Amino acid sequence: MNKIRLESLGNWLEERLGWRALEELAAKKDVPQHRHSIWYYFGGMTLFLFMIQVGTGIMLLLYYRPSAENAFESVQFIVTEVEFGWLIRSVHSWSANLMVAAAFIHMFSALFLRSFRRPRELTWVSGVLLFFLALGFGFSGYLLPWNKLAFFATKVGTDIAGAVPFIGDFLLRFLRGGEEVTGATLTRFFGFHVAVLPAITTVLLALHLYLVQKHGMSVPPSVDEAEVKRMKFVPDFLLRDLVGWLAAVAVLAALAAIFPWELGEKADPFAPAPEGIKPEWYFMFMFQSLKYIPAKVAGIDGEILGILFFGVLGALLIATPFLSSEERRGRTDWLRLIGVVSIIYILVLTALGYLS
Amino acid sequence: MWHLILSLFLLSALQPGPVGSRSTCVRCHQEFDGNLGEPVQRMAQDIHAAKGLSCHHCHGGDPTLGIETGSMADAKSRARGFIGRPANRSIAALCASCHSKPEYMRTYNPQARVDQHSEYLTSVHGKKNQAGDTQAATCTSCHGAHGVLSSKNPTSPVYATNVAQTCAACHADPERMKPYGIPTNQLELYKKSVHGIALIEKRDISAPTCNDCHGNHGAVPPGVDSVANVCSQCHVSQWDQFNLSPHREAFAANGFPACATCHEHHEIAPTSDDMIGVEDPAVCITCHAEGDAGYVAAKGMKDGIVRLKTHLDAAHDLLVRAERAGMEVSRPIYSLSEGRDRLVRARVEIHRLDEAVLAKLLEEGHAIAAQADQDGQKAMDELAFRRKGLAISSGILVVMIGLLIAKIRQRKTEAAE
């Protein structure tokens, strides 16, 4: 009886939505199996952690109050008074960091495996833009608890944005909502974090996922495509994805319970800056690089030069599919070399940032 | 060569006053070594020289003239007001000829004091000096004669951190103090005191030094009656409480100085709860013996203070343990500071010796500590709950992962078959 009812409901929906197309898509979709297949899971992991961010973020929104007077107290209320508020807040903070880490790995694996080759150029471009958006989420979200460290880190971060040639002054005022980091900055960052960035992300993510579905998973040029086996996405790949996601949930739960995300002291704009202000770990290599650049290089302000350097790097990263040539035996693989050097540079500078 | 460099330096440093090339005093004295040359060398950093004053403003004479001994045209002519080295007794009056003139001093510093001389005349130093005692300190004894620095200059002998050493230059000299029959160990004692440690070791210039208690220009040893007036300039609450206590009359009747009886004077040790009670080193047992009311009260107060301190410490330790485990307890920790405040107030209240008032403060302190205890315990319980929750959820997740892996293997086997 129930089966008949479900079937008729299914037919009713099919007539109106055509949802069985998805069923067909799922049945058709498969994933190549080769020695580099492990890297395919990091895209799904990034997406899963993003969905956790959306879920926990919405829950935090129910209690969070975005003003200089109330922000800190509302987060304090969340972690002390709200049932499981501590868990939601800690998971949101830890998951954000794991998501950026997963996105880093996903992006570099796509780079080394040359997944951006024709016709997947736009998949790469949308992915890199999504990565930049994730950093934007991190930067804007860091200020929201309105604690001392976040306040001064935002001050330093927006100061750097203010040094950008030509548009620096505008950018600084645009980000801060005035000359200084104030309650206006907090409101603005809240707006970016919960409205502007999510809107742009939704569009880009939809495009990125659509392109992944359209072109399928890329097989690296180093693998002979004729010898590649295929694995059904549903249920085989999905089952393996689920193992990773459940493991991620276990790690998040352990981190939240054993190392709850610290709240610190409420921001005081009139207090002196605490010693050793450090940005989030994913900005550390850039922050540390700016410290090493001399004040003046050939008459140009060192900080401006550093910003320009990272700006150009970002642009090159986006344009990678249009700049890189086909891999050929016997020729130096410049892309791999640049990728390896970049990873070593990021790791060394990040370590130096924490050790100094 | 050295003289030439010094001359050029002085020329640039001492302009536009007449100390430079136009000054006969400088032109001659810069040629000397030792005592005669030293004034010129030291004037390079003197605050008076920096303001455009020169030798003749204190010593008289006319620096625009040359040296023609015995003539009116001589720079050092008595007829032109030259006084040479001022007599020890007249130094204070000489300095006062400018420093006691409000209309003159105002032109340099609208906030400058002009009462130093009148104060000095009331001081022991001033009285002895006026009586012809050349050993008694006068202005130059502390400030120096040439090379006088602003008292705000950290290298000045009268800058806060240097005052004790400056006073000790005379007061720690047994030979010099012998005629006056006063001790010479004040600096030694002061250096060990809470005030001396704060000022000399920790460079806290808000800590008192000799002149803060004895006065500077009007320096006198505070008498038995006025010791408390000196201490109460900073320790206001303790003094107010002491005035309400039975000790006030008892001390006065026995000729005991109010504060110094328990706290000493130059060697004022940092206070601690050990100072009260009936066990060594408590000061109460200096006068009170077992069986008298003061002995019982001292024991009660000590026990009350120690109990509250122990309670507050225990609550604090519990909250710190919770905080280190990652629990958010900043509000209870802040509230506990109110309990610390009650403890501090109770320690001040000791000076009043009113058991009822003390008991009320202690009770309030215990209530705050009990609340903090409760908050700390709640945080620790929550922590235990989280750990249990983590263990259970991890178990469930591990089982689910195991089931998924089993399913994956099963499908692999099916595909292989």
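Colleague: Which residues of H5(A) meet which residues of H10(A)?

Modeller: To read a helix pair, list the residues on each side of the contact. In this predicted model, A:Leu87, A:Ser90, A:Val91, A:Trp94, A:Ser95 and A:Leu98 are the H5(A) side. Facing them from H10(A) are A:Ala248, A:Leu252, A:Leu255 and A:Ala256. Sorted by class, that contact has eight nonpolar residues, two polar ones and no charged ones.

Colleague: At roughly what angle do the axes of H5(A) and H10(A) cross?

Modeller: Here you look at the two axes. They come within 9 Å and cross at roughly 120 degrees. Angles of 65 to 115 degrees would count as roughly perpendicular, and over 145 as roughly antiparallel, so H5(A) and H10(A) are oblique to each other.

Colleague: Is the crossing of H5(A) and H10(A) left-handed or right-handed?

Modeller: H5(A) passes H10(A) in a right-handed crossing.

Colleague: Now the core. How many residues does the largest nonpolar core have, and which have the most contacts inside it?

Modeller: For a core, ask about its members, then about the elements that supply them. The largest one has 65 residues, and A:Leu49, A:Met99 and A:Trp146 have the most contacts inside it. Elements giving two or more residues include H3, H6 and H9 of chain A, while H5(A) provides the largest share, 14 residues.

Colleague: What does A:Leu49 touch?

Modeller: Setting aside residues up to four places away in sequence, A:Leu49 touches A:Ser95, A:Leu98, A:Met99, A:Ala102 and A:Ala248. You have met A:Ser95, A:Leu98 and A:Ala248 already, in the contact of H5(A) with H10(A).

Colleague: Let's try a loop residue. Is A:Leu144 buried or exposed?

Modeller: Count the C-beta atoms around the residue. A:Leu144 lies in the loop between H6 and H7 of chain A. It has 20 other C-beta atoms within 10 Å, so A:Leu144 is buried. Beyond its neighbours within four places in sequence, A:Leu144 is in contact with A:Ala71, A:Phe189, A:Phe190 and A:His193.

Colleague: And between chains, how many residues are in contact?

Modeller: You can count residues on each side. The size of an interface is also often given as the accessible area lost when the parts come together. By the residue count, 18 residues of chain A are in contact with 16 residues of chain B. H4 and H10 of chain A each supply at least two residues of the chain A side, and H10(A) gives the most, with twelve. The class split for the chain A side is 14 nonpolar, two polar and two charged residues.

Technical notes:
Residues are numbered from 1 along each chain as its sequence is written. Chains are lettered from A and ligands numbered from 1 in the order in which they are written. This is a predicted model: local features need pLDDT of at least 70, side-chain atom pairs count only at pLDDT 80 or more; totals for chains, interfaces and linings use all residues. Two residues are in contact if their C-beta atoms, placed from the backbone, lie within 7 Å. Helices (H or I, at least four residues) and strands (E, at least two) are DSSP runs, numbered from the N terminus. Ala, Val, Leu, Ile, Met, Phe, Trp, Tyr, Cys and Pro count as nonpolar, Asp, Glu, Lys and Arg as charged, and the others, Gly among them, as polar. A nonpolar core is a set of buried Ala, Val, Leu, Ile, Met, Phe, Trp, Tyr and Cys residues joined through C-beta atoms within 7 Å. A residue is buried if 20 or more other C-beta atoms lie within 10 Å of its own, exposed if 12 or fewer, and partly exposed in between; C-beta atoms are placed from the backbone. Axes are lines fitted to C-alpha atoms, for helices over the stretch in contact, and angles run from 0 to 180 degrees between N-to-C directions. Angles under 35 degrees count as roughly parallel, over 145 as roughly antiparallel, 65 to 115 as roughly perpendicular and the rest as oblique. A crossing is left-handed if the near helix is turned anticlockwise from the far one by less than a right angle, and right-handed if clockwise.
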